[in-house]
Amino acid sequence: MKQLFFVSSPFQLVTLVAAIEAELVPAAEERIVVIADNRIAYEVGEGFYRSEMSQLLLARFDRWVLLNDALKPYSCGQWSPRESDLIILERTFRALWDLGDGPLELYVESIQAPPATSFSRIFRTALITVYADGLMVYGPTRTAPGTTIRQRIGRLLYLDLIPGLRPALLEEIGAPASSIDAQRFADVLRSLAGQLSPADEAPAPGTDAPAGPPALIVGQYLSDIGLITVGEESDLYFRMVELARDRGFESVLFKRHPAASYAAESAVRARCEEIGIAFEILDSPELVEITALRREPGLVIGCFSTALMTLRTAFGVPVVSLGTAELLEAVAPYENSNRVPLVLTHRLLDPANADTPTRPEELRSLLDAVAYCMQPELRADLRERAIAFLTPTSLETIRVYFKRRRLTKLDLPGKLPPRAPARGAAARARSLVRRARRKVSMLGGDLSERIGAGRGRQGRSGPPRDR
């Protein structure tokens, strides 16, 4: 059997290598990585797979192919073939990638979207393993996979970032879950850090540098995907800088996200210069975890990046999350897949919750209620759990995680009170008279006199004909 590993980021490559080294991936005739470069203009510049780190990781497999070359001019994340083309496409890709006629096993991330869904349909007899490398694994499946795909999903592989917490992804179809130990993930990164060339952004020997370890801010692309504005994102990063300064750090490193624009961090740099805080932007393509291994920060600050959890669980680095409460309020619709990562980072890493540790079973009860509110039809089995969680809970303590309108729509505890019944005709008439009296009093005069005058002019008891 040949194995195809669909990959769109270096983080996914590290996750798969960790799974292979942990012997969670069975032996195969050949292991082939299918790379999807999801940049808008992937022809411009170098893709992540060209980096030194990615090449070291790809060497652990037998070979790799670039999906973009096969799909030109279509985008990897949008291409969904017609049903009538599937048979000929299977022949085409088997020939193009030299797959032969034997059985295949697909390792795909994000089963509900292309290219995972596309190739799960094309290779219609292939076994499917879904691997998840982030916090979304603890949230509900966004879209139910079709019957022909669902029947071939054998298991879920996930990085165990929150020990003791079971994943919810694909739970509704009964897919067994196998965890990749976070320490195994850390070992892969440590071995890579020792093989990589020195980073250009590392401080040069002999240069004046602030005493003590720096604080590291993990950037995301929050304004680029419309969650907040550029101004709000720069304000959020500046709050992180101020938090680092308040905790005694003299220098701050900012690791920008490769997909983010420069607007937010440029604004933060200017503000830091005004108040005299050392602020350095790191613009290398290496993973945040590699940066942390090289620069050894004393504190890592971010919003809801998965890197916060990997550094906390796999490397034991102190981490803090800021801005999650605001984003939980802003993210829409309620079923947005970012909601569960936001809930987790707010509950576990926000300074406001530092004195209230949460056990895995308590966290799972909260996430079950959130999952039901996100996907009430797909996860109807969670309704009773949601009611059990919400019934004894004061809404004030959890309102950041739930919308009152959502609770009302689903008829759950904490819903809005019922509206007053509609007023009858008599009540509406009395209201109109009161409004008329107020208007007359403002203009001066008596209402009865004005009504009488109106009747005299019209010669009838009704209102004027032109009204």
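# A walk through two sheets and some packed helices

Visitor: Let's start with helix H13 (residues 339–349) and helix H14 (residues 360–374); at roughly what angle do their axes cross?
Guide: This is a predicted model, and in it the axes of H13 and H14 come within 11 Å. That makes them a pair whose angle is worth asking for. The axes cross at roughly 150°.

Visitor: Is H13 roughly parallel or roughly antiparallel to H14?
Guide: The axes cross at roughly 150°. Angles over 145 degrees count as roughly antiparallel, so H13 comes out, relative to H14, as roughly antiparallel.

Visitor: Which kinds of residue make up the contact of H13 with H14: how many are nonpolar, polar and charged?
Guide: On the H13 side you'll find Arg339, Val340, Val343, Leu344, Arg347 and Leu348, and they meet Leu363, Leu366, Leu367, Val370 and Met374 in H14. Arginine counts as charged, while valine, leucine and methionine count as nonpolar. The split is therefore nine nonpolar, no polar and two charged.

Visitor: Now the sheets. Which strands stand at the edges of the open sheet with the order E10-E9-E8-E11-E12?
Guide: This sheet has five strands with parallel pairing. An edge strand has a single partner strand, so one side of it is left without a neighbour in the sheet. Here that describes strand E10 (278–282) and strand E12 (319–321).

Visitor: Which residue in E10 is the bridge partner of leucine 253?
Guide: Strand E9 (residues 251–255) pairs with E10 in the parallel sense, over five bridges. Leucine 253 has its partner in E10, and that partner is glutamate 280.

Visitor: What angle does the direction of helix H8 make with that of E8?
Guide: Helix H8 (residues 230–246) packs on this sheet. H8 touches strand E8 (215–218), E9, E10, strand E11 (299–302) and E12. Against the direction of E8, the angle of H8 is about 165°.

Visitor: Which strands does helix H11 lie across?
Guide: Helix H11 covers residues 306–314 and runs at about 155° to E12. The strands H11 lies across are E8, E11 and E12.

Visitor: There's another open sheet, in the order E3-E2-E1-E4-E5-E6-E7; which strands are at its edges?
Guide: Seven strands form this sheet, and their pairing is parallel. Each edge strand has a single partner, so one of its sides has no neighbour in the sheet. The edges are strand E3 (63–66) and strand E7 (177–180).

Visitor: Which residue in E7 is the bridge partner of leucine 159?
Guide: Strand E6 (residues 153–159) and E7 run parallel, joined by four bridges. For leucine 159, the partner in E7 is isoleucine 180.

Visitor: Which strands does helix H1 touch?
Guide: Helix H1 (residues 10–21) packs on the seven-strand sheet. Its direction makes about 145° with that of E1. The strands H1 touches are E1 (2–7), E2 (30–35), E5 (127–132), E6 and E7.

Visitor: What is the handedness of the crossing of H7 and H10?
Guide: Helix H7 (residues 182–195) and helix H10 (residues 288–295) have axes that come within 10 Å and cross at roughly 65°. The contact is made by Leu189, Arg190, Leu192 and Ala193 of H7 and Glu289, Ile290, Leu293 and Arg294 of H10. As for handedness, the crossing is right-handed.

Visitor: Over which residues does pLDDT stay under 50?
Guide: The protein chain averages a pLDDT of 88, and 89% of the residues score at least 70. The stretch under 50 has five contacts beyond four places in sequence in the model. That stretch is residues 453–467.

How values were computed:
Residues numbered from 1 in each chain as written. Predicted model: local features only at pLDDT ≥ 70, side-chain atom pairs only at ≥ 80, totals over all residues. Heavy atoms only, no water. Axes fitted to C-alpha atoms, helices over the stretch in contact; angles between N-to-C directions. Parallel < 35°, antiparallel > 145°, perpendicular 65-115°, else oblique. Contact = heavy atoms within 4.5 Å. Pairing = 2+ DSSP bridges. pLDDT = per-residue confidence, 0-100. Left-handed = near helix turned anticlockwise from the far one by under 90°.
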